[in-house]
Amino acid sequence: MDKKTVNKRIKFYDDLEVMEVDFSDLTFTVNKHVDEFYDEVDRLLASSDRQWYFLVNYTNCKIKPEIWNHFAARGKQSNTSHGLGSVRIGTTAEIRETIREYSRKENFRANLYESRDEAFSALNTMRRRRKTSGSEGIEPYLSVKNIHLSFGGIRAIGGVGFEVHQGDIFSIIGPNGAGKTSMINVISGFYRPSEGQIIFNGIDRTHYHPADVAKLGFARTFQNIALFKGMTTLDNIMTGRLIKMKSNFFLEALYFGPARRQEMENREYVEKIIDFLEIQSIRKTPVGRLPYGFQKRVELARALAMEPKVLLLDEPMAGMNLEEKEDMARFILDVSEEWGTTIMLIEHDMGVVMDLSTMVVVMDHGEKIAEGTPDDVRKDPVVIRAYLGEG
Amino acid sequence: MFDLLFFLETLIGGLLSGVMYSLVALGFVLIFKASGVFNFAQGAMVLFAALTFVLMLELGGEFWDWTGWLALLFAAASGVLILLNRYTDYFKPQIISKRTALLFSLLTALVLVLFFDGGRNMWRAAFISLIIFLVLTVGVRKPKWAAAVLLGVAVTSFFAGGINFWRSLVLTLVVMVMLAMAIERVVLRHLVNQEPILLFMATIGLNFVLEGIAQGVWDSDVHGLDIGIEDMPFDVYGVFISKFDIFAAISAGLLVLGIGVFFTKTRVGRALRAVADDHQAAMAVGISLNDIWAIVWSASGIVALFAGLLWGSKLGVQFSLVLLAFKALPVLILGGFTSVPGAIIGGLIVGATEKVFEVFIGIEYLGGGTESWSPYMLAMIFLLFRPQGLFGEKIIERV
Amino acid sequence: MIYRETGQFKTTYPDDQAIFPIPQDRWFLGAGLLLALVVVPLTANQYWLGPIFTQFLVFSLAAVGLNILTGYAGQVSLGTGGFMAVGAYMCYNFALRVPELPLFVDFIIGGIFAALVGVVFGLPSMRIKGFYLAVATLAAQFFLLWVFDHVGWFTNYDPAGVASAPSRTLLGSWATEGGPLSFLAPINMMVSGPEATPETKYMITLVTVIVFAVLAKNMVRSSTGRAWMAIRDMDIAAEIIGINPLKTKISAFAISSFYCGVAGSLYVFTYVGNADTEAFDLARSFQILFMVIIGGLGSIMGSFLGAAFIVLLPVFLNILASTLGEGTLPSDTLANLELIIFGSFIIFFLIIEPHGFARLWQIGKEKLRKWPFPY
């Protein structure tokens with residue numbers, strides 16, 4: 001491929017700070033092809049002498065699996081030197097999987113989108129976020145500061161704080177009794193911390209009631225399933241829509257006009273979630289009769305129906321078999337990717353946590369003992385000691 | 001003009017009757033603690049116990065002419081059961097079928113009534129056959145209990161010349177224990193693991209049945225009951241205090257003490273507390289729920305008997321004893337459904353406030369009759385500020 | 001065979017969310033309505049119309065009200081009688097003092113006052129749960145009745161404390177001959193008082209009950225009802241998905257008391273014709289609660305079945321006792337026997353089917369669906 005053709009495939013939008021790289025209809029079979037392309041990209045980037053957002057178009061692009069590592073490494077190199085962030089469109093199933101896998105390993109967000117419009121709007125959000133944040137880099141979406149919580153003199157959490165960024169899959173791990181669930185309870189407004197602050201999107205919501213926290217965009221699932229046992233799956237998920245619905249006794253009693261319309265619209269939304277989580281067959285079954293794995297899934301569905309900005313999952317895979325765990329992991333990743341939802345996760349299965357998370361906080365005895373990417377945490381001697389004991 | 005002496009008198013009178021409310025409340029607490037059943041029939045049990053007692057007393061010698069023989073029969077049956085149970089492994093639940101038991105008990109009752117009671121009272125016949133039926137059905141599964149009960153009946157009825165206070169007391173105790181066993185067997189056992197509200201409704205049904213039986217087997221007249229304590233007020237520095245109320249308060253106190261010791265010091269007491277804490281866990285360590293329930297219902301039957309005696313001698317034994325339950329309910333929510341000391345303190349508070357409120361505010365300004373609701377209002381307002389009741393711990397909810 | 005849904009596909013959400021999605025149910029209901037609206041008033045005699053059918057309808061409405069509170073929102077109330085009394089006495093006073101108002105407006109006013117009182121006595125539910133709340137609602141029962149007994153205004157200073165329903169027409173005195181709305185006179189029938197026929201009373205009660213039952217059904221199947229049920233099933237989880245517990249519980253108390261209040265008004269005006277506080281005592285509260293439990297918690301249909309059972313069982317026992325026991329047993333023995341049988345029957349029923357008639361109904365439908373095969 002000559003320089004000219006490559007050049008045509010690289011576009012700069014100065015005002016948007018976006019550089020578009022167009023891989024569409026290209027086939028990469030040897031490392032040389034990749035180098036040719038990226039050399040030119042790097043040259044242009046270097047000559048621009050400024051930072052860019054990358055929009056990468058993979059429509060009909062084919063990359064031989066053997067050269068994937070090289071491809072990714074070159075991409076990463078450009079990114080570290082001149083990138084502010086990147087979005088990808090037009091990925092085929094195969095490429096999507098590879099990118100996801102790689103992003104998990106290297107701890108960056110995959111940012112896959114269906115169309116250019118979506119990609120641009122995502123880029124805009126990124127840009128805005130960077131503009132509003134100070135010199136520290138991207139402002140945290142949710143920041144939890146110095147939380148203290150105790151029950152009748154027994155300390156459950158003693159001064160834990162962390163920051164969650166938009167789009168993260170953020171895990172809290174730790175041995176039993178470390179205060180993980182208490183932390184989720186504090187974040188969902190169920191427990192009041194005696195000290196500390198919770199700031200979400202610039203709003204100090206430390207003293208919000210659970211219902212108000214929910215309205216702010218927080219949804220959660222429970223360690224021990226907390227479904228409404230007397231209702232069907234459909235009704236359970238519909239309860240998740242309550243915060244999006246205006247209730248009016250009189251119209252509802254008449255089942256007329258806006259009340260009826262609202263009912264149908266929300267039903268439609270709920271059906272999308274039912275399809276997404278593959279629970280069509282149990283739509284009208286009372287949840288009390290469902291097996292455990294399905295109940296967990298319905299609970300996730302109810303949380304998703306709230307269109308959450310932050311999804312808190314308290315041991316979503318506890319008590320599941322391998323197959324169910326894999327399903328659940330897939331759903332969590334899909335939620336993160338399709339809706340861009342920020343996810344906070346408590347889970348005991350280390351394999352799952354390390355695979356899914358972008359950030360991990362380790363707690364023990366009510367305190368934070370480590371924080372970082374899964375790889376960092378895995379190697380941290382303090383963490384190893386907490387899990388395996390002294391010596 | 002505010003009269004301090006009169007106020008004190010009212011207050012003390014209220015406190016003393018409050019102790020008697022506690023007595024009724026105690027029956028609720030015992031059952032709720034061990035089985036989580038909100039027993040609405042406690043009022044009916046008070047009536048049932050008091051009526052049984054009074055009518056046994058009133059029937060005196062006439063009813064028991066034939067019981068010398070009956071006693072021998074029961075004693076023999078008891079002996080046989082004990083021997084069978086101890087020395088053979090032949091004793092099996094299916095030793096006698098329900099139908100045979102029913103037939104046998106009806107026949108016995110018929111014979112007894114025709115030959116000894118002159119065929120005058122069908123209800124009595126039905127009652128006796130019910131007892132025999134229960135002995136035969138419950139008894140064959142719990143031979144030791146049945147033997148004990150039979151022995152109790154035998155011993156009591158051996159003194160066939162007539163029934164005095166103590167004999168009647170023992171007999172009524174036996175009846176109450178059997179009633180408790182019957183309730184456990186016929187009602188509770190089939191409603192294990194149901195919603196609390198269903199159990200509550202079942203006890204309302206039970207309330208109807210007990211009221212019907214109590215008034216059907218006996219009658220609905222007012223019966224005087226004299227337990228030998230004069231209701232004479234005596235003078236303490238110008239404040240008149242009823243002797244009877246003092247007596248009632250002391251006996252109630254003793255009973256509570258007894259129950260407290262039973263709950264904390266005995267093996268059965270420990271089992272009771274285990275069941276109260278967690279049914280499943282208690283079953284897992286080998287405690288029989290059914291036995292425990294029979295025991296608590298018996299205990300609350302006994303408490304009902306005491307309450308019935310005290311209230312009966314104060315008001316006369318009559319239908320309105322059932323309504324005592326409504327005095328006990330605000331006591332319960334003040335003190336907490338599971339707290340024995342709560343029932344006592346709650347009773348005192350309710351007794352004192354309802355009297356003082358009625359005397360100093362109700363009659364003066366509101367036209368009287370405020371006792372029906374003032375304890376409830378008090379309890380409701382109190383709970384608004386302290387939802388866990390007087391003695392409850394702060395509730396920590398977990399998810 | 002007849003009751004089979006195979007092949008009935010719903011292609012739109014409105015179809016799928018209809019009250020009776022299955023046509024067989026609709027035919028069945030239609031037949032029932034036809035029976036109640038046409039056949040019964042034409043054929044039934046005085047005894048059946050008044051004491052039986054009208055009583056059944058009045059108590060059904062109260063049971064629907066209590067079912068909203070206890071069955072759907074999970075708050076046990078023992079104050080139903082008190083709330084019914086509020087409706088009855090307020091409706092009575094408005095009908096008495098403002099004869100221009102149409103009677104059905106009086107019913108609604110009775111209901112609204114009951115709802116207001118219900119809200120006040122529902123406030124403790126924000127702190128108290130379960131049986132503690134149930135006992136606290138007894139405060140409403142005892143306090144309200146005491147008020148009606150002691151404040152003469154409510155019974156128009158009647159020396160016996162009895163509120164007798166005045167003769168009133170459906171549309172009020174303005175709509176009679178000579179009034180400003182006299183063109184309405186031909187359809188302005190006499191509903192209460194001695195001149196009103198049992199048929200009219202029955203029809204008015206029936207129409208009211210049908211309308212309110214439909215409204216209740218709509219409420220419980222839309223977002224309001226879902227919020228109630230969420231609070232009932234797990235209040236903590238409900239709060240965390242953004243349901244305001246106080247608002248939800250209070251709304252349940254208000255709506256439930258409204259229904260009870262309307263039922264109380266009907267009790268005075270179309271069923272008995274007068275009322276004293278004894279008609280709304282604790283026994284009444286328990287009676288309604290029995291209807292709800294035996295009918296099935298959380299089922300509007302069940303409320304009707306439960307009411308039918310509780311109204312008819314004593315009637316049946318009575319007939320049975322008088323035919324079998326006439327002369328052989330004294331009347332107080334019979335009364336006690338009735339009490340025992342009633343109590344035993346309730347225990348028996350709770351043991352064999354704790355979820356009430358509504359569940360039996362459902363099981364029956366499922367069996368019908370598969371008939372003639374067992375499964």
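Here are four short exercises on a predicted model, each with a worked solution.

**Exercise 1. Confidence**

Find what pLDDT chain C averages, and which ipTM and pTM the predictor gives the complex.

*Solution.* Start with the chain. Chain C averages a pLDDT of 87, and 97% of its residues score at least 70. Then turn to the whole assembly: the predictor gives the complex an ipTM of 0.85 and a pTM of 0.79. One thing to keep in mind as you go: where pLDDT is low, don't read the predicted coordinates in detail.

**Exercise 2. The domains of chain A**

Work out where the domains of chain A lie and how many residues each gives to their contact.

*Solution.* First, the bounds. The domain assignment puts domain 1 of chain A at 3-132 and domain 2 of chain A at 142-388. Next, the spacing: taken over C-alpha atoms, the centres of these domains are 32 Å apart. Now the contact itself, counted with C-beta atoms within 7 Å. Domain 1 of chain A puts in 5 residues, and domain 2 of chain A puts in 5 residues. Last, sort the domain 1 side of chain A by class: you get 2 nonpolar, 1 polar and 2 charged residues.

**Exercise 3. A sheet in chain A**

Trace the open sheet of 6 strands in chain A, and explain why one side of β13 and of β17 is left without a neighbour in the sheet.

*Solution.* Write down the strand order: β13-β14-β15-β10-β16-β17 of chain A, with mixed pairing. Now look at the ends. In chain A, β13 (218-221) and β17 (367-372) stand at the edges with a single partner strand each, so one side of each has no neighbour in the sheet. Going from one strand to the next, the twist averages 15 degrees.

Zoom in on one edge. β13(A) runs parallel to β14 (residues 310-314) of chain A, and 4 bridges join them. For a residue to click on, take A:F218, whose bridge partner in β14(A) is A:V310.

Finally, add the helix. α6 (residues 180-187) of chain A packs on the sheet. This helix touches β10 (169-173), β13, β14, β15 (342-346) and β16 (359-364) of chain A, and its direction makes about 150 degrees with that of β14(A).

**Exercise 4. Where chain B meets chain C**

Determine which element gives the largest share of the side of chain B that touches chain C.

*Solution.* Count the residues: 38 of chain B are in contact with 32 of chain C. Then list the elements of chain B that give two or more residues to this side: α8 (196-217), α13 (324-335) and α15 (374-385). The largest share, 14 residues, comes from α8(B). By class, the chain B side that touches chain C has 26 nonpolar, 10 polar and 2 charged residues.

Key: Residues are numbered from 1 along each chain as its sequence is written. Chains are lettered from A and ligands numbered from 1 in the order in which they are written. This is a predicted model: local features need pLDDT of at least 70, side-chain atom pairs count only at pLDDT 80 or more; totals for chains, interfaces and linings use all residues. pLDDT is the predictor's confidence in each residue, from 0 to 100. Domain bounds come from an automatic or database domain assignment. Two residues are in contact if their C-beta atoms, placed from the backbone, lie within 7 Å. Ala, Val, Leu, Ile, Met, Phe, Trp, Tyr, Cys and Pro count as nonpolar, Asp, Glu, Lys and Arg as charged, and the others, Gly among them, as polar. Two strands pair if DSSP finds at least two bridges between them. Axes are lines fitted to C-alpha atoms, for helices over the stretch in contact, and angles run from 0 to 180 degrees between N-to-C directions.
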